Amino acid sequence: LTFPLLSVTLLVSFGSSMLYGYNLAVVNSPAVHIKAFYNTTWSQRYGHGLAPGPLTLLYSLTVSTFSLGGLVGSLLVGVLVERYGRNSALSRSTLLVLLAGGFMGFSRELGSPEMVIIGRCITGIHSGRCCLGCGTNLRGFLGLVPSIFICLGVFSAQVLGLPELLGEDRFWPLFLSVVIVPASVQLLLLHCFPESPRYLLIERDDVCGATKALCRFLGTPDVQDVIKEMKEEQQSLSSVEMVSVWQLLRDRSVRWQTLSVVVVNAGMQLSGIDAIWFYTNTIFENAGIPLSQIPYATVGTGTIEVIAGLIGCFTIEKLGRRPLLITGFCAMGICLAGITVSLLLQTTLPWMCYVGIVCVIGTVAGFCMGPAGVPFLMTAELFTQSHRPAAYIVGGSLNWLCNFTIGFIFPFLQMSAGAFCFLVFCGVCLLVALYVYLVIPETKNKTFMEISHIFA
């Protein structure tokens with residue numbers, strides 16, 4: 001693992017994955033202030049405030065429109081990278097973040113809740129368009145690096161949301177628009193690195209450019225073997241017909257692989273982790289945590305996220321993908337059941353509120369250790385090149401659709417089901433863990449033909 005390769009991985013993750021994590025959690029702490037702004041603006045426009053139901057609906061739209069933008073962005077990834085290359089595609093996406101930051105930063109001054117919603121949608125498009133692939137023998141390690149930055153993004157939002165920093169009412173527009181900082185850093189530094197060697201050779205047929213880029217990334221002038229492998233891949237790809245999403249869904253030879261992608265990617269979002277990230281303060285408040293202590297409990301949760309993500313990143317090559325998935329989903333299921341129990345018993349046993357905090361932390365830690373990043377790796381490892389783009393479209397679309405669903409319906413689910421709403425997520429986690437245990441093989445150090453034979 002050379003320094004240039006690690007540097008470009010960290011840079012892309014800093015400006016993309018970290019922004020994704022930040023935008024997941026940034027709407028948590030200023031929720032009260034944003035709702036108050038919506039209510040005040042509505043009163044100024046129409047002479048009366050919003051009722052609790054419509055206000056919850058409007059705020060849920062603000063939270064979940066990020067996911068709708070992500071769905072649109074994910075569908076554009078392949079076209080943009082193929083046309084412009086990785087660096088240019090990322091640069092164009094970063095410009096969107098600067099636009100979104102302007103919308104959200106000036107929304108209160110202009111009295112426009114619509115600008116907040118539009119800004120959230122645009123940041124979602126950026127997050128959906130930014131993805132990083134790795135083709136080295138350290139793909140397990142490097143593949144989970146973006147998940148570490150997602151955790152760091154969540155943690156950054158939790159720290160900046162403290163009352164001593166940007167957690168006050170007057171700072172929430174600035175809090176939302178902080179996204180322009182990592183985006184600007186990425187935009188300035190990305191041009192210091194060469195374009196993807198694979199893109200240069202396979203898509204542009206630029207052997208000279210690919211050779212120079214490989215020399216820089218690998219830190220050695222002897223890259224002819226790698227160039228030869230890429231040329232062989234280029235020749236094989238020219239004779240391979242890429243399947244469409246519809247063809248993938250109808251292909252019986254990979255039906256179990258396709259079903260596995262559906263189950264794992266949908267389960268990752270329906271596990272309830274987005275509900276916890278979007279509405280951590282509300283969950284802690286319902287658990288009986290004093291309001292003055294909630295921001296610090298949230299930061300403590302973020303610290304555990306980062307530690308758990310690092311553990312998963314440095315153990316995936318040793319333990320493999322399958323154990324991390326099973327352990328992560330089982331831990332989440334148990335902790336989500338614990339949240340339900342703590343909410344039900346907190347009136348008779350006041351100390352149960354602290355059990356609730358531990359269970360929230362356990363849920364997040366279980367997610368970050370495996371389910372946060374492993375599904376994306378497994379999607380690549382379960383298919384050949386001809387089926388892989390369609391599989392990524394299926395998995396990515398399900399991710400964003402389920403993310404939107406949870407972000408939009410969770411407040412209403414919590415109002416109607418109360419403490420029992422977490423049992424829904426508990427059931428999803430345990431069922432996904434059971435599916436992985438019964439169906440999905442270990443993919444570490446296995447070729448597609450070996451994996452296909454195991455499925456058969």
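A salt bridge is a side-chain nitrogen of Lys or Arg within 4 Å of a carboxyl oxygen of Asp or Glu. The model shown here is predicted, and it holds two such bridges. They make a good place to start.

Take R45 and E114. Their side chains meet in a salt bridge, at 2.8 Å from N to O. R45 lies in helix 2 and E114 in helix 5 (residues 113-129), so the pair ties together parts that are 69 residues apart in sequence. How covered are the two partners? R45 has 39% relative accessibility and counts as partly exposed. E114 has 37%, so E114 counts as partly exposed too. The cut-offs explain both labels, because partly exposed covers what falls between under 20%, called buried, and over 50%, called exposed.

The other bridge joins E168 and R170. Here the closest N and O atoms are 3.2 Å apart. E168 is partly exposed, with a relative accessible area of 35%. R170 reaches 55% and therefore counts as exposed.

Go back to helix 2, which spans residues 31-46. W42 sits in this helix. At 29% relative accessibility, W42 counts as partly exposed. Look next at L55, 13 residues from W42 along the chain. The C-alpha atoms of W42 and L55 are separated by 9.9 Å.

Now turn to the surface charges. Which residues gather in a patch of negative charge? They are D222, D225, E229 and E232. D225 belongs to helix 11, which covers residues 224-238. With 56% relative accessibility, D225 counts as exposed.

Further along the chain comes helix 15, made of residues 280-286. N286 is part of this helix. A relative accessible area of 34% makes N286 partly exposed. N286 and G356 are 70 residues apart in sequence. In space, their C-alpha atoms lie 9.9 Å from each other.

A nonpolar patch also appears on the surface. Its members are V341, L344, L345, L349, W351, Y354, F420 and L423. Together they have about 740 Å² of accessible area. Which helix gives the largest share of this patch? Helix 17, residues 321-345, supplies three residues. F420 comes from elsewhere: the loop between helix 20 and helix 21 (421-438). At 46% relative accessibility, F420 counts as partly exposed.

That loop leads back to helix 20, which runs over residues 388-417. Where does helix 20 bend? The bend is at I409, by about 45°. A proline, P411, follows within four residues. Just after helix 20 comes G418, with a positive phi of about 65°.

To retrace the route, begin at the bridge between R45 and E114. Move on to the bridge between E168 and R170. Find the negative patch, with D225 among its members. Then pick out the nonpolar patch, which includes F420. End at I409, where helix 20 bends.

Key: Residues numbered from 1 in each chain as written. Predicted model: local features only at pLDDT ≥ 70, side-chain atom pairs only at ≥ 80, totals over all residues. Heavy atoms only, no water. Patch = residues over 30% accessible without salt bridge, like charges linked within 9 Å, V, L, I, M, F, W, Y side chains within 5 Å. Areas by Shrake-Rupley, 256 points an atom, 1.4 Å probe, with all protein chains shown as cover. Lys, Arg positive; Asp, Glu negative; His and termini not counted. Charge placed at Lys NZ, Arg CZ, Asp CG, Glu CD. Helix = DSSP H or I, 4+ residues; strand = E, 2+ residues; numbered from the N terminus. Buried < 20%, exposed > 50% of the residue type's maximum accessible area, 1.4 Å probe, protein only. Bend = angle between axes of the 7 residues up to and from the residue.
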